[in-house]
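Here are some exercises to work through with the model open beside you. Try each task before reading its solution.

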Amino acid sequence: MHAIDLAIFAIYMLAMLGVGFFFLKKNKDTDDYYVGGRKMGSWHVGLSVVATDVGGGFSIGLGGLGFTMGISGSWMLFTGLIGAWLAAVFLIPKVSRLSKLHNFLTFPQIFGHFYNGYVALLAGIISAIGYIGFTSSQILAGAKLASASFVELDLNTALIIMGVIAIVYTVMGGMKAVIYTDTIQWIILMSGLIFIGIPLGYMAIGGYDAISAILPAEYLSFGNIKWQTFVNWGITIIPIWFVGMTLYQRIYSCRGEKEARKAWFIAGLFEWPIMAMMGVLLGLFARVAAEQGMFVNLGYASVGDIDSEMGLPLLLRSILPVGLMGLMMSAYFSAIMSTADSCLMAASGNILTDVLGRWLHIGRSEKSILRTSQVLTLVIGIAALILATFMQNVLELMLYSYAFMVSGLFVPVIAALFVKNSSSLAAFLAMLTGGIVTLSLILSQQKLPMGLDANFYGITSSLMMFIVVNEVRRKQKLKNA
């Protein structure tokens, strides 16, 4: 990378650290640190939501889908639009009112309100584990992008650099830094894709004539997808809008229900079709470039030598002139960091409030608890960085993290919000069953019936357990009445 590009990139990174330092002085208590003082507007929150949900991991992952299956890969984020709008209609009206009434900071506190402390504790553990994995996926995405962009940089060194930057400014700034930097980062990414990445990539590969001549016709079809794939994406992604700690924190941070619902509608539209199509198109362009031999001088003699998720950064490295390369890399790193910081805040909030809260908060001042929050965020960030060194595929790690959270948390939270007098024991056992089944199936790597993912079977087992135990408890209560 040219010195000018390095300078642009370095200035950007220093600016993000500067935002974190600025809010280090502004945060007065855990309300400021975890939910932004509950005074955020809909556009800031909406852009932050989509930046967090799509972020760099899905950006790099979408590029990989475009590389392997073409524009039909965009259907992945269509499930995000469905999830966002369903949550806006059914979830936010209930959760927003509860958060104002009880000053909630985390998602598992919902479980403590409707069930009991043990259910909330288990929910906090499941959510924290899932978000540590998700943070790892973002650090890995950034490392892949950096190692493809900087010739002398290997993947492990890139992991350390990306991890340190994301962790440090999140530790300092908290939720305000996260939401404001997310807004900046998303604007940078959108501008970079619209005005730099897509037009230059399209021209560099020879336009539509080259695309249609080189790639099979199914790459340009929205029907190049198996129904099982779409169902698997839907089962994993739609429910996350009902159980995602990062999303609940943003509901809590809004001024009110109206602002939160508007933010979710904004986020849904940005997910699909806007971001979905841009991501897969760049991946498709990278596939054409690989077929044309554009990456041979970078050490990739054939398409088979290329990790599908590396195609997009290799394309950008090959086509962008001096100056624009630095801007585009900053745009993608923006997206990656916007997700990493939010997931890190989520995991930290879970552990501080839901897992260790009963011990950490006793007899301590708000300032002391705030410092503990920052230390926890640092420790969790380091754990996520270590996990990232053991993983290879960004999208796979993200979907595994989602699947674990959804299979454990989705059924109990829906029951809490929409079923009267749900049993705490039923919720606890449903969470335990769903999480264990999904995790066991993922680790076993067995081919599952009907081509459906482990998450489908995890949610099904969670639902069955909840129904059976809840019915038994209901009958016991009637008998004892």
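**Exercise 1. Describe the lining of the second largest pocket by residue class, then place the pocket.**

Step 1. The lining of the second largest pocket divides into 10 nonpolar, four polar and no charged residues. Here Ala, Val, Leu, Ile, Met, Phe, Trp, Tyr, Cys and Pro count as nonpolar, Asp, Glu, Lys and Arg as charged, and the others, Gly among them, as polar.

Before going on, a word on the source: this is a predicted model, in which local features need pLDDT of at least 70 and side-chain atom pairs count only at pLDDT 80 or more, while totals for chains, interfaces and linings use all residues. Residues are numbered from 1 along each chain as its sequence is written, and side-chain values use heavy atoms, with hydrogens and water left out.

Step 2. The space in this second largest pocket is about 370 Å³. Of its 14 lining residues, Leu397, Tyr400, Ser401, Leu439 and Ile442 are the closest to the centre. A pocket is an open set of points on a 1 Å grid over the protein atoms alone, where a 1.4 Å probe fits, with protein on both sides within 12 Å along at least five of seven lines; lining residues have an atom within 4 Å of a point. The volume is the space filled by probe spheres set on the points, which are joined across faces, edges and corners.

Step 3. At least two lining residues come from each of α7 (117-149), α18 and α19. Helices are DSSP runs (H or I, at least four residues), numbered from the N terminus.

**Exercise 2. Do the same for the largest pocket.**

Step 1. The largest pocket holds about 800 Å³ of space. Its lining has 32 residues, and Asn232, Glu396, Leu399, Tyr400 and Asp453 lie nearest the centre.

Step 2. Sort the lining by class: 13 residues are nonpolar, 14 polar and five charged.

Step 3. The helices α4 (55-69), α10 (227-237), α18, α19 and α20 (454-480) each give at least two residues to the lining of the largest pocket.

**Exercise 3. Find the salt bridge of lysine 144 and say how accessible each partner is.**

Step 1. The partner of lysine 144 is aspartate 307, with the closest N and O atoms 2.7 Å apart. A salt bridge puts a side-chain nitrogen of Lys or Arg within 4 Å of a carboxyl oxygen of Asp or Glu.

Step 2. This pair links distant parts of the chain, 163 residues apart: lysine 144 is in helix α7, and aspartate 307 is in the loop between α13 and α14 (311-319).

Step 3. Lysine 144 is buried, at 4% relative accessible area, whereas aspartate 307, at 30%, is partly exposed. Buried means under 20%, exposed over 50%, and partly exposed in between (1.4 Å probe, protein chains only).

**Exercise 4. Which residues does arginine 474 or arginine 97 pair with?**

Step 1. Arginine 474 forms a salt bridge with glutamate 471, the closest N and O atoms being 2.6 Å apart. Because the two are three residues apart in helix α20, about one helical turn separates them.

Step 2. Arginine 97 meets glutamate 257 in a salt bridge (3.4 Å, N to O). Glutamate 257 lies in helix α13 and arginine 97 in helix α5, 160 residues apart.

Step 3. Arginine 97 is exposed, at 51% relative accessibility, while glutamate 257 is partly exposed, at 26%.
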